[in-house]
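Good morning, everyone, and thank you for making time for this short talk. Please have the sequence and the model open in front of you, because I will move from place to place and would like you to follow along.

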Amino acid sequence: MGPDTATGADGPHPGCSRAHAAVRTDSDTPDLGELAARLSAGALVTDPEVVASHSFDKALFCPVGTARGLVRARTVDDVVATMRFASAHRLPVVTQGARTGLSGAANAVDGCLLLDVARMDEILAIDPLEQTCRVQPGVINQDLKNALAEHGLAYPPDPGSVAISTIGGNVATNAGGMCCVKYGVTKDYVRGMTVVLADGTVTTLGRSTAKGVAGLDLAALFVGSEGTLGVIVEITLALRAAMPPALTAVGLFPDTASAGTAVAEYMASGAGPSMLELLDGRTIRAINAYGNFGLPAAAGALLLVQSNAPGQSAVAELEAFQEIAERNGGLEVHFSDDPADSELLVAARRAVSPALERQAHLVGGGELIDDICIPRSRLGEFFSRLEAIEAARGVEIFTAGHAGDGNMHPTVIFDARDEESTAAAQAAFAEIMQLGLDLGGTITGEHGVGYLKRDWLDRELDAGAALLHRRIREALDPLGILNPGKVFT
């Protein structure tokens, strides 16, 4: 399914234009009444204003087309009927969830059907013995966590949008989050899934058992596929026992380069923190302005570290962090075992997204969020070169990210009403992408490719890998109706 909230019913974001589907869209419009008759009552919506309000996610500079209609699926049968109808009439289909995505993968293309699976939101089963659960794609990540806590279980992936993004959207982009440095990302927890293919065929992929190597791992192929291979209608997830409480440390640094170097040395030491997050000085001040969190506004960078290792091992991990931080220019390190302190600091980290949205609103509405992931050994160099990009382009870049696994989110804030400011922001965004590749990294760690980064995917893939991607997509979707124009040029 497509990735993660809509920004409202006020039309596309600044910089968006119309998309054109890669499939045939005949002038003879198919009778959508035929489709409506096959769907649950009221599932098909054709009101132009409603359809338009569901036609985009949160990404800037991504085309937004005009959809023929919106299907609010409630059952697997609704999805099957939609895909059979679309296949028969060669209509493009864009699958959507909560539309909190940041790459334009949920955006409409001209002539498409929008397939919204957010109402398929049941937790179907929780198995404490096998430590698994089965869920529909519209289940909100945080709602699942809350339900599992009653059974002493946990689902670790926790993207910043945990309170509003769906499990299906998380699977579509292989979302990560703040715990992934220790616990991994979405793909590490997907055991199996039920998928509706482009022609309406329903198939089960993967397994429910802890081990299994029968055939190719086709379920893994769908993780991160952004709605281009099929429609995910059920997911089997592996779970863990409830995670123990963590000790927390905050390290303050004069600049991001020294913080990045400290991260590299700390992780190279064999440390296993359950969280290692970075905020630069600008982001710290934006968070304080948004929520008055009381973060140290004078710091050039902050590292938030948690360890939930047993007994004194957690204390030892944080003491090792303190030593390494001080050796790399750290100004001071604070410790706390008070759950209230930890909750406040994690809440401050989660406030990055709304804080930067507020900041963007203050200067003209422009916000370009990058999502590169680079080797941890190159973090210090990354931040030094990022400062050079900022100076050369005359833009403001706010950086936060999952430093423990090298996944950085530099965000360019600009005046979207001003052509010169917009052009500078786009140029800086592109240079950050190239910097990620130059340092041996990837163009996206968890937000996906969508429209926003599809031209960059070919730069990252070699010729053989690009060919394999296209052949796999063509094999599963020979008519090219599944989210056309996304991911691949």
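I will begin with a salt bridge between D370 and K453, in which the closest N and O atoms are 3.3 Å apart. D370 lies in the loop between β16 (365–369) and α13, while K453 lies in the loop between α14 and α15 (454–460), so this pair ties together parts of the chain that are 83 residues apart in sequence. Please keep in mind throughout that this is a predicted model. Are the two partners buried or exposed? D370 has a relative accessibility of 0% and therefore counts as buried, and K453, at 2%, counts as buried too.

The loops I have just mentioned lead us to the helices α13 and α14. Two packed helices are described by the angle between their axes and by the distance between those axes. Here, helix α13, which covers residues 379–393, packs against helix α14, residues 419–438, at an angle of about 160°, and the axes are 10 Å apart. Because of that angle, α13 is roughly antiparallel to α14, the cut-off for that description being an angle over 145 degrees. The crossing of the two helices is right-handed.

Which residues of α13 and α14 meet? On the α13 side they are F382, R385, L386, I389 and R393, and on the α14 side they are A424, A427, A428, E431, I432, L435 and D438. If we sort the residues of this contact by character, we find eight nonpolar, four charged and no polar ones. Two of the residues in this contact, R385 and D438, also appear in a network of salt bridges that links them with R378 and E381.

Let me now step back to the salt bridges of the whole structure, where a search finds 17. One of them joins R282 to E396, with 3.5 Å between the closest N and O atoms. This pair links distant parts of the chain, since R282 sits in helix α9 (residues 281–291) and E396 in strand β17 (residues 396–402), 114 residues apart. Both partners count as partly exposed, R282 at 27% relative accessibility and E396 at 35%.

For a pair within one helix, please look at E323 and R327, whose closest N and O atoms are 3.3 Å apart in another salt bridge. These two are four residues apart in helix α10 (residues 312–327), which means that about one helical turn separates them. E323 is partly exposed, with a relative accessible area of 49%.

I would like to finish with some single residues, and the next two have something in common in their backbone. N292, in the loop between α9 and β14 (301–307), has a phi near 50°, a positive value in a residue other than glycine. V487, in the segment after α16 (463–476), also has a positive phi, near 70°, and again the residue is not a glycine. Their surroundings can be set side by side: N292 counts as exposed at 68% relative accessibility, whereas V487, at 9%, counts as buried.

Finally, where is G272 placed? G272 is in the loop between α8 (256–268) and β13 (275–280), and with 26% relative accessibility it counts as partly exposed. Leaving aside residues up to four places away in sequence, G272 touches K182 and E317.

How values were computed
Residues numbered from 1 in each chain as written. Predicted model: local features only at pLDDT ≥ 70, side-chain atom pairs only at ≥ 80, totals over all residues. Heavy atoms only, no water. Axes fitted to C-alpha atoms, helices over the stretch in contact; angles between N-to-C directions. Parallel < 35°, antiparallel > 145°, perpendicular 65-115°, else oblique. Left-handed = near helix turned anticlockwise from the far one by under 90°. Contact = heavy atoms within 4.5 Å. Nonpolar A, V, L, I, M, F, W, Y, C, P; charged D, E, K, R; others polar. Salt bridge = Lys/Arg side-chain N within 4 Å of Asp/Glu carboxyl O. Buried < 20%, exposed > 50% of the residue type's maximum accessible area, 1.4 Å probe, protein only.
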